[in-house]
Amino acid sequence: MILVNTDYITGKNLEMLGLVKGSTIQSKNIGRDITQGFKTIVGGELCAYTEMMNDARSLATKRMVAEAESLGADAVINIRYASAAVMQGAAEVMSYGTAVKFV
């Protein structure tokens, strides 16, 4: 499966199959929330949250690819990511793009 954030793939003619997406809502446990809260006092990277968001993007992408594969896609083009806080310490990450087949 080819994944790109452009609306084309050089040298390929594409047949659009439709929008595909994947999402997840992730949170850290209360212990991590407390330690990351202390970290905001002194500043610096919140490593636990960075890891959480990386895991969330990976899972959202995996779910998007699974949806594309179910349509018989060869690639997903024009991929985008969006995130939103849904509550304190929890975030939704969505990955979406256009599933295409090579012709």
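**Close-ups of a four-stranded sheet and its helix**

**View 1. Ala82 meets its partner across the strands.** In S4, the residue bridged to alanine 82 is methionine 94. This is a predicted model, and the pair belongs to the antiparallel match between strand S3 (residues 75-87) and S4, which runs over 10 bridges. Tyrosine 81 has a bridge partner in S4 too, namely serine 95.

**View 2. The turn between S3 and S4.** Here's the hairpin of S3 and S4, with 2 residues between the strands. Look for glycine 89: its phi is positive, near 80°.

**View 3. Ser95, tucked away in S4.** Serine 95 sits in strand S4, and its relative accessible area is 0%. Anything under 20% counts as buried, so serine 95 makes the cut with its 0%. What is serine 95 in contact with, leaving aside its neighbours within four places in sequence? The list is Val20, Lys21, Gly22, Ala60, Thr61, Met64, Ile79, Arg80 and Tyr81. Tyr81 we've already met as the bridge partner of serine 95.

**View 4. S2 alongside S4.** Strand S2 (residues 14-27) and strand S4 (residues 90-102) also go antiparallel, this time over 13 bridges. One bridge to pick out joins leucine 14 to phenylalanine 102 in S4. As background, strands of a sheet pair through backbone hydrogen bonds, either parallel or antiparallel.

**View 5. The sheet from edge to edge.** Reading across, the 4 strands come in the order S1-S3-S4-S2, and the sheet is open with mixed pairing. At the edges are strand S1 (2-3) and S2, each pairing on one side only.

**View 6. Helix H2 lying over the strands.** Helix H2 (residues 47-70) lies across S1, S2, S3 and S4. Against S2, the helix runs at about 145°. Ala60, Thr61 and Met64 are among the contacts of serine 95.

**View 7. Stepping back to the chain.** There are 2 helices and 4 strands in total, and from the N terminus they go β-β-α-α-β-β. Of contacts between residues at least 6 apart in sequence, 74% join residues at least 24 apart. Of the 103 residues, 28% count as buried, serine 95 being one of the buried ones. As for the surface, the chain exposes about 6,400 Å², with carbon and sulfur atoms supplying 54% of that area.

Definitions and conventions
Residues numbered from 1 in each chain as written. Predicted model: local features only at pLDDT ≥ 70, side-chain atom pairs only at ≥ 80, totals over all residues. Heavy atoms only, no water. Buried < 20%, exposed > 50% of the residue type's maximum accessible area, 1.4 Å probe, protein only. Contact = heavy atoms within 4.5 Å. Areas by Shrake-Rupley, 256 points an atom, 1.4 Å probe, with all protein chains shown as cover. Pairing = 2+ DSSP bridges. Axes fitted to C-alpha atoms, helices over the stretch in contact; angles between N-to-C directions.
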